[in-house]
Amino acid sequence: MSQQYKPAVGVLRRPNTPLGRRIVNNWQLYLLLLIPVVLTIIYKYVPMYGIQIAFRDFKASRGYTGSEWVGLYWFQRFFSSPTCVRMIKNTVLISLYSLLWSFPIPIILSLIINQLRFRRYKRLVQTVLYAPHFISIMVVCGMLRIFLSPSGGLINLIFGTSIDFLTESSAFRTIYIASGIWQDAGWGCIIYLATLANVDPGLYEAAKIDGASVFQRIKNIDLPELLPMAILNLIMAAGGLMNVGFEKVWLLQTDLNKATSDVIAVYVYQQGIENAKYSYSTAVGLFNTAVNIILLLIVNKIASKVSDVEFV
Amino acid sequence: MKKSRGLSQRTSDIILVLITAVILIIVAYPLYYVLIASVSDPYDVYAGKTFLFPSGFTLDGYVAVFQDPNIVSGFLNSVKYTVIGTLFSVTMLYITAYPMAQRDLPGRKFFSIFFLITMYFGGGLVPTYLVVKSTGLVGSMWSLFLPGGVAVGNMIIVRNYFQNSVPKDLMEAAQIDGCSKMGIFLRIIIPLSKPILAVMAVFSMVAYWNDWFTALIYLGGKGSPLPLVMRNILIKSSASASQAATISGGYAELNKLTELLKFCSMIVAAVPMLVIYPFVQKYFEKGFMAGAVKG
């Protein structure tokens with residue numbers, strides 16, 4: 001009864017009420033939206049307008065449009081700077097390797113956790129695996145610096161060596177990626193575990209009656225169930241390939257590991273905030289964003305062909 | 001037949017428990033090690049005597065932490081920013097998500113795109129910095145909250161939760177009884193969305209408690225939060241510590257307290273959030289699921 005009645009109300013009311021009336025009726029909702037919209041315009045959209053300083057010689061006293069137009073001068077300067085190739089290469093390699101490692105691990109972890117049958121133990125595992133996600137990158141980097149110290153660092157104590165890992169440029173990517181997995185692989189499971197929790201229990205029962213082993217159940221029930229979510233995550237990650245987290249790189253960077261730790265994000269910060277080269281820094285950042293957007297569009301195109309998962 | 005299947009189930013259970021136990025140790029041990037080191041003699045720590053248990057038990061480090069004016073003021077600043085920031089962010093999420101959850105709101109599509117664009121595209125570091133500066137926020141605590149505006153990803157989760165998990169019948173009944181949109185928001189939506197409210201509050205708290213980069217850029221060295229204070233202890237002094245180590249030939253000569261301070265400050269910074277999240281853990285999956293399903 002009510003099932004039939006409800007849509008009828010919705011369908012009838014809408015066309016009968018004119019648009020102006022509906023806007024007036026909802027004035028309270030627009031009032032609620034006012035502050036978020038104003039803040040978003042000021043702190044998200046005005047900076048987008050400000051990107052034009054990448055093409056100008058920005059002087060604060062002259063404002064955005066009053067500053068001299070210099071075209072692609074800052075981009076040319078970036079591409080001809082001696083560390084440009086190195087920074088692009090490091091940025092791409094760090095994110096590419098991060099993606100290769102940190103994408104599959106949460107999937108495998110969640111498949112394992114999902115099979116745990118002792119509820120309390122399962123909850124304990126989840127609690128512990130989520131923990132590092134809630135720790136500040138500052139603390140994680142402090143731990144890394146202490147653990148990797150050549151004299152008395154945990155890693156060197158365990159292996160009986162005295163290597164100064166943070167001065168070895170060959171070790172930087174491994175440190176960055178391994179600590180990233182430690183911190184966020186468990187947290188990355190949540191979305192997969194939530195997906196698996198929605199699997200019809202009847203499927204497992206049927207599989208058990210048919211004598212399917214745990215691994216057969218994972219392979220034939222769980223994995224297909226996770227696939228759409230996994231593809232979506234992969235796409236999103238691929239679209240942000242040039243987004244190397246500034247914080248961790250900056251905190252772990254030393255003069256001696258720069259060959260692999262020099263990335264665009266740190267350069268943008270140093271040039272823009274520390275050296276106040278506003279236009280130059282904006283240009284470098286814009287280049288980074290542009291590459292990202294191109295990647296996102298390509299990946300989005302592939303995605304719409306592979307599956308009909310919707311982003312928005 | 002049945003028995004052999006039971007056995008194979010048991011074997012796989014044992015294997016799964018063993019695998020997860022190893023993973024548990026890998027994840028938890030670094031934290032445990034820091035905890036132990038924070039109450040041990042630093043000399044013993046760096047000599048490798050504290051793999052499992054504290055050695056030369058001492059609470060000097062914690063005493064020093066609470067006597068260090070920089071750490072104490074950093075801690076208090078962090079508490080202040082976390083409380084105000086969380087109130088601000090959760091309010092923003094709710095007042096944005098509620099209108100966006102009304103399917104028949106004129107202009108909903110426009111607002112949707114308006115917010116979503118900011119998720120994929122932004123002005124970047126310097127243009128944003130210049131706007132924050134020109135609006136007079138540099139050096140003020142509001143520079144930590146206002147430029148973040150609406151966390152669009154979380155807003156979508158909350159919006160979907162409103163659409164999927166709050167009973168529509170209830171809202172319609174209230175509307176028929178003459179309850180205004182604001183009344184529905186205050187009397188039905190807010191009380192009925194406590195799980196997602198808890199999850200979002202914890203997310204904000206964690207974000208503000210752990211943030212230091214925003215403070216580094218905008219606060220100009222005044223009112224530094226705890227992580228930024230710790231940068232001087234952890235990152236800068238470890239460079240000088242390794243220099244000192246090469247000069248004097250070991251940690252024995254170093255000031256023990258500086259080393260203890262590193263471990264203790266890390267514990268003080270990490271523990272508050274580690275204590276809080278298990279309380280809302282059971283809502284994580286539910287909240288995400290309700291938020292992820294498209295209505």
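When I speak of helices and strands today, I mean runs assigned by DSSP, with at least four residues for a helix and at least two for a strand, numbered from the N terminus. With that in mind, and remembering that what we are looking at is a predicted model, let me begin with chain A, in which there are 17 helices and two strands.

Chain A has a radius of gyration of 26 Å, and the globule rule gives 20 Å for its 312 residues, a value that the chain is well over, so chain A is more spread out than a compact globule. If you turn the C-alpha trace of chain A onto its principal axes, the spans come to about 70 × 70 × 35 Å. Of the 312 residues in this chain, 35% are buried. As for contacts within chain A, if we take those between residues at least 6 apart in sequence, 70% of them join residues at least 24 apart.

Let me now stay with one element of chain A, helix α7, which covers residues 104-115, and look at two of its partners. The axis of α7(A) comes within 8 Å of the axis of helix α11 of chain A, residues 172-197, and the two cross at roughly 55 degrees. An angle between 35 and 65 degrees counts as oblique, which means that α7(A) is oblique to α11(A). The crossing of this pair is right-handed. On the α7(A) side the contact includes A:Ile105, A:Pro106, A:Leu109 and A:Ile113, and among the residues it meets on α11(A) are A:Ala185, A:Gly186, A:Gly188 and A:Cys189. By class, the residues in the contact of α7(A) with α11(A) are eleven nonpolar and four polar, with no charged ones.

The second partner is helix α13 of chain A, residues 214-239, whose axis comes within 11 Å of that of α7(A), with a crossing of roughly 130 degrees. Here too the verdict is oblique, because 130 degrees lies between the 115 and 145 degrees that bound the perpendicular and antiparallel classes, and α7(A) and α13(A) are therefore oblique to each other. The crossing of α7(A) and α13(A) is right-handed. From α7(A) the contact takes A:Ile107, A:Leu111, A:Asn114 and A:Gln115, while α13(A) supplies A:Val214, A:Ile218, A:Asp222, A:Leu226 and A:Ala230. In the contact of α7(A) with α13(A) we count six nonpolar residues, two polar ones and one charged one.

Turning to chain B, how many helices and strands does it hold? Chain B has 13 helices and zero strands. Of its 295 residues, 41% count as buried. Among contacts in chain B with a separation of 6 or more, 74% are between residues 24 or more positions apart.

One residue of chain B that you may like to locate is B:Pro272, which sits in helix α13 of chain B, residues 256-292. Is B:Pro272 buried, partly exposed or exposed? It has 17 other C-beta atoms within 10 Å, and so it is partly exposed. Measuring from C-alpha to C-alpha in the model, B:Pro272 and B:Lys49 are 28 Å apart in space, with their positions 223 residues apart in sequence.

Finally, where do the chains meet? The contact draws 77 residues from chain A and 80 residues from chain B. On the chain A side, helix α3, residues 27-50, provides the largest share, with 15 residues. The residues of chain A that touch chain B comprise 50 nonpolar, 21 polar and six charged.

Methods
Residues are numbered from 1 along each chain as its sequence is written. Chains are lettered from A and ligands numbered from 1 in the order in which they are written. This is a predicted model: local features need pLDDT of at least 70, side-chain atom pairs count only at pLDDT 80 or more; totals for chains, interfaces and linings use all residues. Axes are lines fitted to C-alpha atoms, for helices over the stretch in contact, and angles run from 0 to 180 degrees between N-to-C directions. A crossing is left-handed if the near helix is turned anticlockwise from the far one by less than a right angle, and right-handed if clockwise. Two residues are in contact if their C-beta atoms, placed from the backbone, lie within 7 Å. Ala, Val, Leu, Ile, Met, Phe, Trp, Tyr, Cys and Pro count as nonpolar, Asp, Glu, Lys and Arg as charged, and the others, Gly among them, as polar. The radius of gyration is taken over C-alpha atoms; the globule rule is 2.2 Å times the number of residues to the power 0.38. A residue is buried if 20 or more other C-beta atoms lie within 10 Å of its own, exposed if 12 or fewer, and partly exposed in between; C-beta atoms are placed from the backbone.
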